[in-house]
Amino acid sequence: MQYTRRDVLKTGTAAMAGLALPGSVAFAQAQAAAKAAAAGVKPTLVVIYLRGGADPLNAIVPHGDERYHKVRPTIAIKNARKVNDYFGFHPAMEELANMYSAGTLCPIMNTGSTHPTRSHFDAQDFMERAAPGSREVTEGWLNRYLTATHVDAAKDVELRAVAMQATLPRSLRGEFPVLAMPDGGAGDVLDRFEAAYDCESSREARRKNGGEAAKDAALETPAQAMRRRIAESGRESIAQLRELNKASSKGGKGYPKGRLGNQLRSVARLIKAGKGLEIAAMDYDGWDHHARQGGSSGTMSNMLSTLSKSLDAFAKDLGPAMGHTMVLTMSEFGRTVAENGNQGTDHGRAGFMMAMGGPVVGGKIHGGWKGLEKNALVDGRDLKVQVDFRNVFAETLQTLFGFRADEHDFFPDYKSNEKSLGFVKRA
Amino acid sequence: MRLRLAAGLLLLLSVPLSAGAQTSDERAFAQHVLNRMAFGPRPGDVDRVLKQGVNAWIDQQLKPSSIDIEVFDDEIAKLAPSLYLSLADTAKRYRPDYKKNESREQTKKRNQNRAAVQKQLRDAVLRRAIDSPRQFEEVMINFWRNHFSIDQNKNDVAWMAPSFEAEVLRNHAFGKFENMLIASARHPAMLVYLDNNISQKPLTDQQQRLVDRYGENENVPRSVAALGRERGLNENYARELMELHTLGVDRRYRQRDVTALARVLTGWTAKLGRKEAGFRFRADVHDTEPKSLFGTRLRGEGERQGLEVVRGLARHKLTADFITRKLCVYLVGDNPPESLVKNVTRVFTRTKGDLPRVYKAIVTSKEFRDPAVRGAKFKTPFEFVVSALRMTDAKMQSADRTQKLLEEMGQPTYRCLDPDGFADTAEAWLDPGVLVHRWRFAWDLAHRDLKGVKVTDATVGSETSATLSTLAALDLSQDTREAVAEAAASGGNSARLALLLGSPEFMQQ
């Protein structure tokens with residue numbers, strides 16, 4: 001199957017596979033990225049997890065494939081925003097289609113797990129730990145990266161990663177302490193409780209001067225030791241949040257209302273503050289469209305629109321900082337190629353990812369697309385996995401952060417062998 | 001010999017002490033017992049327990065049936081009728097009746113039923129923890145709820161979970177471990193949650209060849225297509241049964257044992273009809289081929305073989321150690337003394353997993369009574385929230401906001417994503433950010449700003465209210481005392497209460 005960048009080249013606005021033309025957005029971002037690298041600014045990875053199994057085929061639409069229209073009689077997208085004579089974007093993703101044309105976004109098709117599960121539960125778990133079928137590691141892949149690259153710096157506040165939501169996505173759970181906080185703010189609460197957590201320097205000073213405490217840790221009772229741990233954690237919470245609030249003072253306009261927009265706005269504030277944020281992760285729930293998925297309009301269309309408009313606002317908000325920022329969207333699996341009896345789709349196998357930002361080789365559809373003919377499908381119904389998600393993760397960590405997964409035995413019983421998909425630019 | 005001595009000591013201890021003869025240590029012990037064997041004291045509880053005699057109170061709590069809860073039970077039945085229905089009746093009333101091409105109204109109704117039955121269970125769990133007079137029963141059911149964790153958001157588990165709570169956990173938490181294990185293994189909620197329901201004997205070579213021959217051919221005969229759809233073995237439950245429910249992770253078993261156990265359990269499925277719902281053994285998908293577990297050839301086949309194997313796992317010495325250790329972590333400390341684990345494991349083995357006797361062995365041990373273990377545990381979000389609501393004598397009209405906050409704190413009731421249940425150690429919970437949610441909760445609760453929950457003047461009206469004086473009597477650090485006094489000076493008694501509930505000391509138990 002050929003999928004050319006004909007449209008892109010025709011309009012002549014942007015990039016071919018990583019080659020940014022002067023005057024283009026991609027070029028500006030590449031320049032900004034080079035400048036940032038020279039100034040020692042760390043790149044940032046923003047992971048958005050589309051929970052529920054997002055349908056690849058109504059997002060990145062194979063409009064030029066007859067079979068697509070045949071097996072999806074009621075939900076096929078008729079007015080895709082074409083990027084070549086085979087693929088197009090769902091019309092609700094207009095902004096993302098523009099980024100594709102400008103060379104700052106690329107879809108990766110047929111991504112997924114080597115484990116055949118079609119259970120949300122297991123598929124998410126395997127993916128977020130980057131350990132299909134294995135229980136060997138309990139920590140998320142992003143947390144493992146943070147732990148492996150942790151240098152015991154003298155800095156007392158470290159905001160290397162955040163989740164701007166109530167609980168950590170599993171990819172960020174683990175040994176490395178990551179702040180989970182739905183929003184910055186919380187200022188008043190911090191002020192109210194900081195005294196109980198011994199934050200005032202005067203108190204510290206009094207202690208150091210031998211006040212009542214300065215007890216030998218060995219003489220502490222377990223209860224005293226626990227109180228100290230709690231107080232320390234409270235102090236760290238307050239310090240990290242203060243840091244976060246300081247960094248988050250600047251606005252950010254144009255985001256759609258809702259959780260995703262809010263989260264991206266908060267993350268943009270942190271990135272703009274340049275405090276060394278490496279990773280932000282967030283969830284966008286509700287992609288399990290078994291019934292009434294809708295086509296050009298409807299449930300899924302609305303969600304794609306929210307995603308597209310939020311990411312557009314994010315890119316505009318960041319401006320040049322988008323040059324060293326990469327967004328990666330993913331989902332636990334794709335859905336059946338054919339629609340079911342309820343104008344929806346059931347759990348399938350391979351899904352899709354999208355990568356966006358300065359480091360991305362945009363304007364190209366990556367992955368291993370093999371068409372929709374039955375013999376190209378699993379069980380005659382689902383897209384086959386051609387790209388192991390671990391390779392996407394490995395390439396991301398290596399190109400963004402210079403972290404070589406294989407050298408750290410990052411994936412249990414698996415080597416990526418640094419097989420590059422080429423969707424991220426090499427430094 | 002040692003055991004007999006311990007039993008004699010126990011008899012002595014269980015003589016109620018007279019109320020007048022309390023020492024501060026007895027008071028501290030009563031506080032400890034209420035922290036660990038209840039979800040924290042209500043105002044006045046410490047005195048009540050001292051009056052009854054701490055050991056008499058313990059003995060009573062160890063026999064939940066001796067505490068009358070008829071009135072309370074009626075309230076729960078009103079709040080959560082699904083907890084009192086058979087599985088088939090729950091299906092009739094709440095099961096989402098999914099129809100092809102259903103109308104919007106039907107979809108709405110289906111979703112409402114699902115939400116209603118989920119809410120009933122979540123609210124009943126919370127309400128019982130706060131208010132049940134059988135506090136130790138609730139404390140232990142909370143343990144088993146996490147040991148045999150299921151997620152009510154997974155498919156049909158939504159409407160089956162109340163029956164699981166009632167028939168597996170509540171029925172057996174004060175019975176034999178073995179019976180609880182078997183009940184869990186046969187309950188449709190577990191069978192669906194851990195996929196044993198869809199686990200089937202692998203295709204024979206001949207069947208596999210047939211499927212391969214047709215491959216992706218469009219004109220596959222139906223019978224062959226049906227074979228191709230069979231997903232074969234699903235090892236999910238077999239693995240967790242050994243890893244989480246009995247032996248402990250990577251102990252004794254290997255991958256080949258997981259596969260063998262999965263084959264043993266093929267055919268253990270759930271019938272989910274409206275007329276009949278429950279366990280169903282399906283001989284047609286059961287693997288009758290010979291199997292070996294831990295290097296030993298298993299006898300027989302069929303449902304009986306499975307029962308024997310599950311029973312064998314319940315009685316395994318590693319299971320006794322694994323369960324005992326976990327119980328000691330829960331009731332005594334994150335790193336319980338080996339001497340305690342060893343002694344209690346012996347009780348577990350000797351009594352064939354008679355749980356009340358195992359609990360008793362723990363709470364009457366010298367390790368449980370050692371002052372050093374007091375206050376050494378970090379409360380889970382659930383324990384923190386429930387203990388705060390108890391301490392403030394809060395009246396709950398709607399639990400929705402509180403449930404939402406529990407979710408924000410990372411512990412949504414009956415919605416643990418992982419089959420290993422919520423952890424109960426400080427290591428799992430004490431991360432940056434965690435305390436901020438608790439401070440917000442404490443502040444809102446104390447300022448009567450927590451939706452659906454009422455705190456009265458009796459609680460915050462005066463500095464000498466039962467709640468505030470009980471909290472003030474805790475072993476507070478100098479920092480906390482100063483911070484509380486400062487807050488009260490500007491913000492009055494609500495601020496005083498908030499600071500006390502949000503203090504490091506109130507996070508400890």
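These are worked exercises on a predicted model with two chains, A and B.

Residues are numbered from 1 along each chain as its sequence is written, and chains are lettered from A and ligands numbered from 1 in the order in which they are written. Because this is a predicted model, local features need pLDDT of at least 70 and side-chain atom pairs count only at pLDDT 80 or more, while totals for chains, interfaces and linings use all residues.

**Exercise 1. Find where pLDDT in chain A stays under 50.**

Step 1: get the overall picture. pLDDT is the predictor's confidence in each residue, from 0 to 100. Chain A averages 85, and 84% of its residues score at least 70.

Step 2: pick out the weak stretches. Residues 1–19 of chain A stay under 50, yet the model gives them 44 contacts beyond four places in sequence. A contact here means that two C-beta atoms, placed from the backbone, lie within 7 Å. Residues 201–207 of chain A are also below 50, with five contacts beyond near neighbours in sequence.

Step 3: decide how to read them. Where pLDDT is low, the predicted coordinates should not be read in detail.

**Exercise 2. Set the make-up of chain A beside that of chain B.**

Step 1: list the elements. Helices (H or I, at least four residues) and strands (E, at least two) are DSSP runs, numbered from the N terminus. Chain A comes to 12 helices and 14 strands; chain B has 27 helices and six strands.

Step 2: look at burial. A residue is buried if 20 or more other C-beta atoms (placed from the backbone) lie within 10 Å of its own, exposed if 12 or fewer, and partly exposed in between. Buried residues make up 55% of the 427 residues in chain A and 48% of the 509 residues in chain B.

Step 3: check the overall form of chain B. Its C-alpha atoms fill a box of roughly 85 × 65 × 45 Å along the principal axes. The radius of gyration, taken over C-alpha atoms, is compared with a globule rule of 2.2 Å times the number of residues to the power 0.38. For 509 residues a compact globule would come out near 23 Å, and chain B has 25 Å, which agrees.

**Exercise 3. Work out which element of chain A gives the largest share of the side that touches chain B.**

Step 1: size up the contact. It takes 38 residues from chain A and 42 residues from chain B.

Step 2: name the contributors. On the chain A side, β7 (179–180), α7 (187–193) and α9 (222–247) each supply at least two residues. The largest share, 13 residues, comes from α9(A).

Step 3: sort by chemistry. Ala, Val, Leu, Ile, Met, Phe, Trp, Tyr, Cys and Pro count as nonpolar, Asp, Glu, Lys and Arg as charged, and the others, Gly among them, as polar. The chain A side splits into 18 nonpolar, 11 polar and nine charged.

**Exercise 4. Check the spans of α9(A) and α10(A), then see which of their residues are buried.**

Step 1: do the ruler test. The expected span is 1.5 Å times one less than the number of residues. The 26 residues of α9(A) should span 38 Å, and the end C-alpha atoms are 37 Å apart, which agrees. For the 15 residues of α10 (259–273) of chain A, the expected span is 21 Å and the ends are 21 Å apart, which agrees too.

Step 2: look along α9(A). Its buried residues include A:M226, A:I230, A:S237 and A:L241. A:E232 is found in this helix as well, but it is partly exposed, with 15 other C-beta atoms within 10 Å.

Step 3: turn to α10(A). It is mostly covered, with 11 of its 15 residues buried; among them are A:L260, A:L264 and A:I271. The cover includes β1 (44–51), α9 and α11 (299–318) of chain A. A:G274 follows the helix, with a positive phi near 65°.

**Exercise 5. Give the strand order of the open three-strand sheet in chain A, then describe how β1(B) pairs with β2(B).**

Step 1: order the sheet. It runs β2-β4-β3 in chain A, with antiparallel pairing. Strands count as paired if DSSP finds at least two bridges between them. The edge strands are β2 (60–61) and β3 (81–82), each pairing on one side only.

Step 2: zoom in on one pair. Two bridges join β2(A) to β4 (88–89) of chain A, and A:I60 stands opposite A:F89.

Step 3: move to chain B. β1 (268–272) and β2 (277–281) pair antiparallel over five bridges, and a hairpin joins them through four residues. B:K271 stands opposite B:G278. Four of the five residues of β1(B) are buried, so that strand is largely enclosed by the rest of the structure.
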